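Welcome! Open your viewer, turn on a cartoon view, and get ready to select a few stretches one after another.

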Amino acid sequence: MSMDTVFELSPKKVEYIKFINGKNGPVKTNNIAAGFGVDPSTITKTIVELADEGLLVYVPYHGVSLSVKGKITAEFLIKRHRILALALTHFGFSHEQACLEVSRFESFVSKEAIDQMCRAMGHPNKGICGDITHDDGCLRI
Ligand SMILES: [Zn+2]
Ligand SMILES: [Zn+2]
């Protein structure tokens, strides 16, 4: 998986990456399952896929944590959410509405689209649910 396509993750994978990113240190599969209120057996397949894609690394006895590639991906996933949510507030959405609505479709928006929106919005630094970071993608002219 190249760095370009790695951002095309299913909604479920996006949620798992964000969840693991939000934890300090490795996370056990059981804890991920508990976090989403599902049976551990239902998430194992996805965890294995994420590891195969090079986004997760296994830490013996401690579960999984994000690889360097996984961390870069997580940063993008967070930025994508914040750019889209900020954009919706320009159409009169409340902060709460914007976050909720974006969570319904954010997985389907490409990095190119987010980079373009970031440029068009003048590279905002403050999102409604956290700071927005910029990278070679959005800063390219
Ligand atoms: Zn939000
Ligand atoms: Zn930017």
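Start by selecting helix H1 (residues 11-21) and H4, which pack at an angle of about 105° with their axes 10 Å apart. Because an angle from 65 to 115 degrees counts as roughly perpendicular, H1 and H4 are roughly perpendicular to each other. Now show side chains where the two helices touch: H1 brings Val14, Ile17, Lys18 and Asn21, while H4 brings Gly70, Thr73, Ala74 and Leu77. Sorted by class, this contact of H1 with H4 holds four nonpolar, three polar and one charged residues. Before moving on, remember that this is a predicted model.

**Next stop: H2 and H3**

Select helix H2 (residues 29-36) together with H3; their axes lie 9 Å apart, and the packing angle is about 115°. That angle makes H2 roughly perpendicular to H3. Turn the view a little and you are looking at a right-handed crossing of H2 and H3. Which residues of H2 meet H3? They are Thr29, Asn30, Ile32 and Ala33, and their partners in H3 are Pro40, Ile43, Thr44 and Ile47. The contact of H2 with H3 has five nonpolar and three polar residues, with no charged ones.

Stay with helix H3 (residues 40-52) and put a distance label between its end C-alpha atoms: they are 18 Å apart. This agrees with what its 13 residues should span, because at 1.5 Å a residue the expected value is also 18 Å. Then pick Gly54, which follows H3 and has a positive phi, near 80°.

**Then: the hairpin**

Select strand E1 (residues 56-59) and strand E2 (residues 63-66). The two strands run antiparallel and are joined by four bridges. Two pairs are worth clicking on: Leu56 stands opposite Leu66 in E2, and Val57 stands opposite Ser65 in E2. While you have the side chains on, keep in mind that in a regular strand they alternate between the two faces of the sheet. Between the strands of this hairpin there are three residues, and Tyr61 takes a positive phi near 70°.

**Last stop: H4 and H5**

Return to helix H4 (residues 68-89) and add helix H5 (residues 95-105). At what angle do H4 and H5 pack? The angle is about 130°, and the axes are 8 Å apart. That makes H4 oblique to H5. H4 passes H5 in a right-handed crossing. To see the contact, select His81, Leu84, Ala85, Leu88 and Thr89 in H4, then His95, Ala98, Cys99, Glu101 and Val102 in H5. By class, six of these residues are nonpolar, three are polar and one is charged. As you look along the helices, note the general rule: an α-helix has 3.6 residues a turn, so residues three or four places apart point the same way.

Definitions and conventions
Residues are numbered from 1 along each chain as its sequence is written. Chains are lettered from A and ligands numbered from 1 in the order in which they are written. Axes are lines fitted to C-alpha atoms, for helices over the stretch in contact, and angles run from 0 to 180 degrees between N-to-C directions. Angles under 35 degrees count as roughly parallel, over 145 as roughly antiparallel, 65 to 115 as roughly perpendicular and the rest as oblique. A crossing is left-handed if the near helix is turned anticlockwise from the far one by less than a right angle, and right-handed if clockwise. Two residues are in contact if their C-beta atoms, placed from the backbone, lie within 7 Å. Ala, Val, Leu, Ile, Met, Phe, Trp, Tyr, Cys and Pro count as nonpolar, Asp, Glu, Lys and Arg as charged, and the others, Gly among them, as polar. Two strands pair if DSSP finds at least two bridges between them. The expected span of a helix is 1.5 Å times one less than its number of residues.
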